Structure formats: structure tokens, C-alpha cells
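Good morning, and thank you for making time for this item. I should like to take you through one structure, going from single contacts to helix packing and then to the cores.

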Amino acid sequence: MTSTVSMTVNGKQVSAECEGRTLLVQYLREKLALTGTHVGCDTSQCGACVVHVDGISVKSCTMLAHQAEGCDVVTIEGLADGDTLHPMQEAFRENHALQCGFCTPGMVMSAIDMVNRHDTLDEKTVRHQLEGNLCRCTGYHNIVKAILAAHPVMKGTA
Amino acid sequence: MYDFNYRKASSVEDAVSAVTGAEDGRFLAGGMTIIPTIKQRLANPSDLVDLAGVGGLTGISVSGNTVEIGGMARHAEVNASSEVAAAIPALARLAGGIGDPQVRNRGTIGGSIANNDPAADYPAAVVGLGATVRTNRREIAGDDFFTGMFETALEPGELVTGVSFPVPSKAAYMKFPNPASRYAIVGVFVAATSGGPRVAVTGAGPCVFRVAEMEQALAGNFAPEAVADIKIGDDDLNSDIHASAEYRAHLVTVMAKRAVAQANG
């Protein structure tokens, strides 16, 4: 049985027919062709599928599209302003915080939520807050550096 | 995963009638367990009834000697609540150690305790603090709520609307987390309550349990040394690729000792 699910994605109002079981990540990738959000493990562990729903980071492989009805969703495609990268994307670029890049969309989305929730950040906190995101290139060192570099930029204290 | 009917409930009554009227209906709270379970085809409900739109199930309040947490309160909300942190800091810290940030942003206390995973954190707090579970039908003492592995006292069509935690004079939760999932390989919640010391263990056995011998020892002397030599038997403990029953038994003493030390500040 299908029914229409509507939400705002990256500022645009969208609608699509979904089954009850349609996951938010399937809605984004298959209905809207927004393939920047990745499916890594499909078991809620790797965090490659992290997006923001009403400003909060969630694993879109573990949320039904129906649960996001009427919500404001932001994906990795919604961050940059034209050719100007979001400060977190820029920090990842500056700090070489990726190798293969598969985990990067989820890392960036988690990192932005982390900065939003913390007035101050230190390395230990960043590592604890990154527990929901796996990087199999073992590139955590530069990811942590990038997040610590982006924090003051996003907070306007750089 | 197999398909199911998704239904968003507008009230507790609506949710209950949707679940009881379905062929095999289940409540959907945060979905952090049931969605992965359906994906793995370990569950195949005909209907999922979403509680996210039901009023009166969210919110956290502290009045007098009680912390009230709504059944749909997310782990991240409990962790970030300054009121919880002031009244029962051990509870706020426990919530902040569940899963990962994204799981904490979605997962709920009602969903966690209704599921009663043997390695979940919240059952240790509910039993360790002697909390009361509120449902749409009645109040259930924390000691009577968890009845076995993934089993609770909840009846069909009964849902957790909230949990009341009495404020202890001191408490702490210490867990040895599985490094991948952050589930408790062993977690021990200790509290000095008005009814005496309580020690609740999660992760070690099929269901949360109390350790009477440790509670008696702490009644005489609420200090790490009081529990340091108390060993629990490993006969009924879990044994899997992560830890043997013998190792879990050992960890119960270690975590209890550390929890008492932290509770004493």
C-alpha cells in the first residue's frame, strides 16, 4: 500500500508516493535522486546516511520516510551556497579530512550538528560525539582536526 | 524488509485501538530497535503505529523529590536536561552514553524499557532507582516491570506513558560498553535511596537484576571496599563472542566498585 509523503528537503517542498516500509534514505536517493546521502551498512552503525531532520542529525537508514512527513530535511546537497562551501565542508577540504570520501557526507552532517550543540569542543568530546560515524580509511585524525577548525568559524569566533 | 501499514496515531486511545485492531500491530516510538529488527526480518508486524504525534508523552519535569520523564522523551533530551542533571546526574549521564548521538536523537525511554533488551542501559536506572513505570492503564513498580529477556509486565495494547524516578541521595552508573555498539557488556547502577542502597545490573544476564548481597554490604558502609570482594555466580549469565559468563561476573564486581566510588564523588 502506498501513500504520499511530503516534506521540505534542502528548502524545497517535495512529495512522493511511498510504502510504509520506505526508508528516509530511499526516499532521498531513489525518489528525489539526492545520492549524496550514502547507504553504508544499512544497520544503523556506520553513519554514512546521516541527514538533519528539523535541525537534528539522524540516521536516515533507520527512519521511515513517513516519520519525516512535514519535516524540514537537510542533506549534504543542501549545505553549500552555490560555489561557496559550508564552513564544515571547507574545513574538511583544508584538513584533508577524507580519503575515499564514502563516509564524508555523514561525517559532515554529524559534525555540523555537533558544533551546533556545543559552545566549546575539545578533541575528546569530538571523538565521543563521532561514535555514530565510521571511516574505514581510518582517517579520524584529520576529521577531528577539521571539526575543531570549523567550530570557531561556524560560531563566528574565528 | 517486508512491507507494513504505517499509521500515525493522534492520541493514546487512537494508538491503542490501532494496535489492538491490527492483525499484528506494534507501537513505533523512536524506532531505533524495531526498524533494524524488521529490516533483519526478525519481526514482521502488519502495522506500525507511530506515537510521535501523540500529545502528553513528551517532556521532562522535576517536582519535589521526583523526576518525571515522558515515555517519548528522547535520550538526547534526558542527557541535555539541566533539571535532570541537577536532580539525578547519574541518569543524565546514562542517557548520554546510549548508542551514539544519532541514536540518542531518536531513541526514547519508553521504547527502550518496553523492548527490554538485556544489554540496554535504562533498565538499570529504572530498577536501580526504584522508579515507577506509568502506562495508559496503571503504575508498575520498576522491580516488577522487567520480567525476562525482551519480556516486560506490559500487556497487549498497554504502552509506557512515562517513568517517575525518585531522587536518590547519591547514585552512579558505570558500564563496560561493547566498543562497537556501546551496548552494556555489563552496566551497574548503584544508588543510595530512602529505602536503602540499590544495585542493579544490566548486560550481564538475560534481564536486569539486583544484587542483594551488595546492597546489604552498602547499607553498612557505602564505599567501594564494601563490594570489592563480593563475587556473583556466573551460572545464569550471558556468554557470547563479546564476553564469557565468567568475565561478565568479574565485571559486575569491578563496575559496582567504580559506580560506588563515582557516587561518593
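Let me begin with one residue of chain A. Leaving out residues up to four places away in sequence, A:Glu17 touches A:Thr2, A:Ser3, A:Thr4 and A:Lys31. Please keep in mind throughout that this is a predicted model. A:Glu17 is located in strand β2 of chain A, which covers residues 12-19. Is this residue buried, exposed or partly exposed? Its relative accessible area is 39%, and because the partly exposed class runs from 20% to 50%, A:Glu17 counts as partly exposed. As for distance, A:Met63 is 46 residues from A:Glu17 in sequence, and the two C-alpha atoms are 16 Å apart in space.

The strand that holds A:Glu17 has a partner. β2(A) pairs with strand β1 of chain A, residues 2-9, in the antiparallel sense, over 8 bridges. Within this pairing, A:Met7 stands opposite A:Val14 of β2(A). The two strands, β1(A) and β2(A), make a hairpin with 2 residues between them. In the turn, A:Asn10 has a positive phi of about 50°.

I turn now to the helices of chain A. Three pairs deserve attention, formed among α2(A), α3(A) and α5(A).

The first pair to consider is α2, residues 87-94, with α5, residues 140-155, both of chain A. They pack at an angle of about 140°, and their axes are 8 Å apart. Why is this pair called oblique? An angle has to be over 145 degrees to count as roughly antiparallel, so at about 140° α2(A) is oblique to α5(A). The crossing of α2(A) past α5(A) is right-handed. On the α2(A) side the contact is made by A:Pro87, A:Met88, A:Ala91 and A:Phe92. From α5(A) come A:Ile143, A:Ala146, A:Ile147, A:Ala150, A:Val153 and A:Met154.

Next, α2(A) with helix α3 of chain A, residues 104-117. Here the axes come within 10 Å and cross at roughly 125°, which makes α2(A) oblique to α3(A). Again α2(A) passes in a right-handed crossing, this time of α3(A). A:Met88, A:Gln89 and A:Phe92 represent α2(A) in this contact. They meet A:Thr104, A:Met107, A:Val108, A:Ala111, A:Ile112 and A:Val115 of α3(A).

The remaining pair is α3(A) with α5(A), which pack at an angle of about 45° with axes 10 Å apart. These two helices are therefore oblique to each other, and their crossing is right-handed. From α3(A), the contact includes A:Met107, A:Ala111 and A:Ile112. From α5(A), A:Tyr140, A:Ile143 and A:His151 are among the residues involved.

Let us move to chain B, by way of a residue that touches both chains. B:Asp3 lies in the segment before β1 of chain B. Neighbours within four places in sequence aside, B:Asp3 is in contact with A:Met1, A:Glu19, A:Gly20 and A:Arg21, and also with B:Pro45. With a relative accessible area of 26%, B:Asp3 is partly exposed. Between B:Asp3 and B:Asn79 there are 34 Å, C-alpha to C-alpha, at a separation of 76 residues in sequence.

Which strands make up the open sheet of chain B, and in what order? There are 3 strands, ordered β1-β3-β2, with parallel pairing. β1, residues 5-8, and β2, residues 25-28, are the edge strands, each pairing on one side only. Direction ignored, neighbouring strands of the sheet are turned by 25° against each other on average. β1(B) runs parallel to β3, residues 47-50, and 4 bridges join the two. B:Lys8 stands opposite B:Asp50 of β3(B). Helix α1 of chain B, residues 12-21, packs on this sheet and touches β1, β2 and β3; its direction makes about 145° with that of β2(B).

Finally, the cores. In soluble globular proteins, nonpolar side chains tend to be buried together. The largest nonpolar core here has 37 residues, and B:Leu91, B:Ile113, B:Tyr122, B:Phe165 and B:Phe189 have the most contacts inside it. Among the elements giving two or more residues to this core are α5 (89-95), α8 (122-128) and β12 (184-193) of chain B. Another core lies apart from it, with 30 residues, including B:Met174, B:Val227, B:Met255 and B:Ala256. Returning to B:Leu91, and again not counting residues up to four places away in sequence, we find that B:Leu91 touches B:Ile69, B:Val78, B:Val84, B:Tyr122, B:Ala125 and B:Phe165.

Thank you for your attention.

Notes
Residues are numbered from 1 along each chain as its sequence is written. Chains are lettered from A and ligands numbered from 1 in the order in which they are written. This is a predicted model: local features need pLDDT of at least 70, side-chain atom pairs count only at pLDDT 80 or more; totals for chains, interfaces and linings use all residues. Side-chain values use heavy atoms; hydrogens and water are left out. A nonpolar core is a set of buried Ala, Val, Leu, Ile, Met, Phe, Trp, Tyr and Cys residues joined through side-chain atoms within 4.5 Å. Buried means under 20% relative accessible area, exposed over 50%, partly exposed in between (1.4 Å probe, protein chains only). Helices (H or I, at least four residues) and strands (E, at least two) are DSSP runs, numbered from the N terminus. Contact means heavy atoms within 4.5 Å. Two strands pair if DSSP finds at least two bridges between them. Axes are lines fitted to C-alpha atoms, for helices over the stretch in contact, and angles run from 0 to 180 degrees between N-to-C directions. Angles under 35 degrees count as roughly parallel, over 145 as roughly antiparallel, 65 to 115 as roughly perpendicular and the rest as oblique. A crossing is left-handed if the near helix is turned anticlockwise from the far one by less than a right angle, and right-handed if clockwise.
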